[in-house]
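I opened this model to look at how two chains meet and at a couple of single positions. My notes follow in the order of looking.

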Amino acid sequence: MDGDITNNIRRLRFENDEMTQQHLADLIGVTRQTVNAIELGKYSPSLDVAFRIASVFDVPLDAVFQFQLKSKR
Amino acid sequence: MSLRERFAWVAFLGIIISIGLYVLALILAARGVIPGHYLFATVLGLIAALIVLPLVIRALLAIRMPKGSLTEQDERERLFELKATRIAFFVLAFGVGFLTFLTAHGTRNPRDIVHGVLAAIVLSYLVKFGTEIRYHRRGY
């Protein structure tokens with residue numbers, strides 16, 4: 001089954017005092033480049049990192065990441 | 001550019017420069033410009049460059065960018081290195097297999113065999129660091 005994973009990290013950062021990517025990276029223990037790759041949908045983080053991101057913004061996981069199944073023909 | 005990507009670039013370029021100098025030494029030795037026994041020293045120098053040079057450059061970069069060096073490899077960087085190492089392994093395995101075949105059916109000259117082994121090792125290192133750089137540039 002194929003699916004698309006999207007996220008609201010950029011919006012959540014701006015809503016949290018315009019947090020920078022570097023600041024978020026420092027809080028969750030990854031590099032700024034990794035945060036950028038996650039935001040752009042180029043990289044899917046591990047559950048550990050995904051939960052850390054959600055806890056930084058104090059929101060549930062599905063408020064950060066959304067999964068959409070692609071319909072098969 | 002992240003610190004890990006800089007490491008990969010430095011190692012990649014360092015290997016190219018080292019192998020370039022070694023090939024130059026080979027050509028000069030073949031033309032009689034330098035004595036043949038200097039080649040043994042250049043082989044040792046090449047091996048030292050492959051092992052020591054990346055370590056020295058990493059230490060210097062870590063001193064220049066202390067913040068980056070304090071963080072361990074994150075999961076994405078670890079994934080890049082693992083994937084690159086896996087691809088480089090196949091290059092090395094193919095090189096060694098090809099060299100084994102050549103040794104069994106062709107040359108028995110020790111110098112040719114040493115060069116073949118060096119070539120396989122250097123090529124696999126180039127593939128490893130080149131692949132890491134590609135992953136870093138692409139972002140995934």
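I take helices as DSSP runs of H or I, at least four residues long, numbered from the N terminus. The model is a predicted one.

Entry one, a threonine in chain B. I looked up B:Thr131 and found it in helix α5 of chain B, residues 110-138. Its relative accessible area is 12%, and since buried means under 20%, I put B:Thr131 down as buried. Leaving out residues up to four places away in sequence, I noted that B:Thr131 touches B:Ala84 and B:Ile87.

Entry two, a threonine in chain A. I located A:Thr34 in helix α3 of chain A, which covers residues 32-39. I read 0% relative accessibility there, so A:Thr34 counts as buried. With the same sequence exclusion, A:Thr34 touches A:Tyr43 in its own chain, and B:Asp74 and B:Arg76 in chain B. Its side chain also makes a polar contact with the side chain of A:Thr31, at 3.0 Å. I checked A:Ser44 as well: ten residues from A:Thr34 in sequence, it lies 9.7 Å away, C-alpha to C-alpha.

Entry three, the interface. I counted 11 residues of chain B in contact with 13 residues of chain A. The buried area between the chains is about 950 Å², and carbon and sulfur atoms give 48% of that. I found zero salt bridges across the interface by the rule, and six residue pairs in polar contact, both at pLDDT 80 or more. On the side of chain B that touches chain A, helix α4 (residues 75-105) gives the largest share, four residues. I sorted that side into three nonpolar, two polar and six charged residues.

Notes: Residues are numbered from 1 along each chain as its sequence is written. Chains are lettered from A and ligands numbered from 1 in the order in which they are written. This is a predicted model: local features need pLDDT of at least 70, side-chain atom pairs count only at pLDDT 80 or more; totals for chains, interfaces and linings use all residues. Side-chain values use heavy atoms; hydrogens and water are left out. Contact means heavy atoms within 4.5 Å. Buried area is the accessible area (1.4 Å probe) that two parts lose on being put together, summed over both. A salt bridge is a side-chain nitrogen of Lys or Arg within 4 Å of a carboxyl oxygen of Asp or Glu. A polar contact is a pair of N or O atoms within 3.5 Å; within protein, one must be able to donate a hydrogen and the other to accept it, and residues adjacent in sequence count only if both atoms are side-chain atoms. Ala, Val, Leu, Ile, Met, Phe, Trp, Tyr, Cys and Pro count as nonpolar, Asp, Glu, Lys and Arg as charged, and the others, Gly among them, as polar. Buried means under 20% relative accessible area, exposed over 50%, partly exposed in between (1.4 Å probe, protein chains only).
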